[in-house]
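This briefing is meant for a reader meeting the structure for the first time. It goes through a few local features, one topic at a time.

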Amino acid sequence: KEALRLVNMAASLELPLRLCNPVQSLTTAVEDLKQKLPLNFQIQLFRECPQDTQIAGREDVLSWCFTEIMSNSYTYDAKLIVIRVRLTARGSVQPTIESRAADKASSRAQTLDESWLHLTFEDDGPGVPSDHYEDVFALEKEYLTPKGYGNAMYLCRIYIKHMRGVM
């Protein structure tokens, strides 16, 4: 029943987009999470874009998504997350899912000046087998791990897509 409620909420998504600062949302999410997780869990943030970068989106939703992505790393035994934030020219990076050797999640959001805001979250966890990568984003998937269904990643993808991004 909870999964159905989440699907209905995401399907009826009518969040008005407005100018927001994703760098600030990410910084806040990182600082908040650092207070909640053990000291041996490290988050490194590298920013290669202006602190005042703005996109059409929702800071509250972005903060939630960033927190869920980082929490997912911790849940699956990572001890380190490296986050990179950079702006790229729109034609230089295609908005598709990256399949990295370690199957790390990344997302992009379209910025107002026709650039891409590229966020990469990499961790030192065990990773997801490449043949199950899409299962991470499925709701009530058959590929159930002992630690959960992955509903948060499903919702993150829906929300990022709503803000004209790709995850």
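D77 counts as partly exposed in this predicted model, because its relative accessibility is 47%, a value that falls between the 20% and 50% cut-offs. This residue sits in the loop between α3 and β4 (80–89), and the points below begin with its backbone before turning to helix α3 (residues 59–75), its packing partners and its aromatic pairs.

**Positive phi angles**

- Most residues other than glycine have a negative phi.
- Although D77 is not a glycine, its phi is positive, at about 75°.
- R164, which is likewise a residue other than glycine, has a positive phi near 65°, and its place is in the loop between α4 and β7 (165–166).
- With a relative accessible area of 42%, R164 is partly exposed.

**Helix α2 against helix α3**

- Two packed helices are described by the angle between their axes and the distance between the axes.
- For helix α2 (residues 22–36) and helix α3 (residues 59–75), the axes come within 8 Å and cross at roughly 45°, which means that α2 is oblique to α3.
- The crossing in which α2 passes α3 is right-handed.
- On the α2 side the contact is made by P22, S25, L26, A29, V30 and L33, while α3 contributes E59, L62, S63, F66, T67, M70 and S71.
- Sorted by character, the residues of this contact between α2 and α3 comprise eight nonpolar, four polar and one charged.

**Helix α3 against helix α4**

- The axes of α3 and α4 lie 10 Å apart, and the two helices pack at an angle of about 145°.
- Here α3 passes α4 in a left-handed crossing.
- The residues of α3 that take part are V61, L62, W64, C65, E68, I69 and N72, and they meet A152, M153, L155, C156, Y159 and I160 in α4.
- The contact of α3 with α4 is made up of 11 nonpolar residues, one polar residue and one charged residue.

**Aromatic pairs**

- The count of aromatic pairs comes to four, and two of them are described here, beginning with W64 and Y159, whose rings are 5.7 Å apart centre to centre with 70° between the planes, an edge-to-face arrangement.
- This pair links distant parts of the chain, since W64 belongs to helix α3 and Y159 to helix α4 (residues 151–162), with their positions 95 residues apart in the numbering.
- Which of these two residues is buried, and which partly exposed? W64 counts as partly exposed because its relative accessibility is 31%, whereas Y159, at 9%, counts as buried.
- The second pair is formed by F66 and F121, whose ring centres are 6.0 Å apart and whose planes stand at 35°, so the pair is tilted.
- Because F66 lies in helix α3 and F121 in strand β6 (residues 115–123), this pair ties together parts that are 55 residues apart in sequence.
- F66 is buried, with a relative accessible area of 2%, and F121 is buried too, with a relative accessible area of 5%.

How values were computed. Residues numbered from 1 in each chain as written. Predicted model: local features only at pLDDT ≥ 70, side-chain atom pairs only at ≥ 80, totals over all residues. Heavy atoms only, no water. Axes fitted to C-alpha atoms, helices over the stretch in contact; angles between N-to-C directions. Helix = DSSP H or I, 4+ residues; strand = E, 2+ residues; numbered from the N terminus. Parallel < 35°, antiparallel > 145°, perpendicular 65-115°, else oblique. Left-handed = near helix turned anticlockwise from the far one by under 90°. Contact = heavy atoms within 4.5 Å. Nonpolar A, V, L, I, M, F, W, Y, C, P; charged D, E, K, R; others polar. Phe/Tyr/Trp six-rings, centres within 6.5 Å; stacked < 30°, edge-to-face > 60°. Buried < 20%, exposed > 50% of the residue type's maximum accessible area, 1.4 Å probe, protein only.
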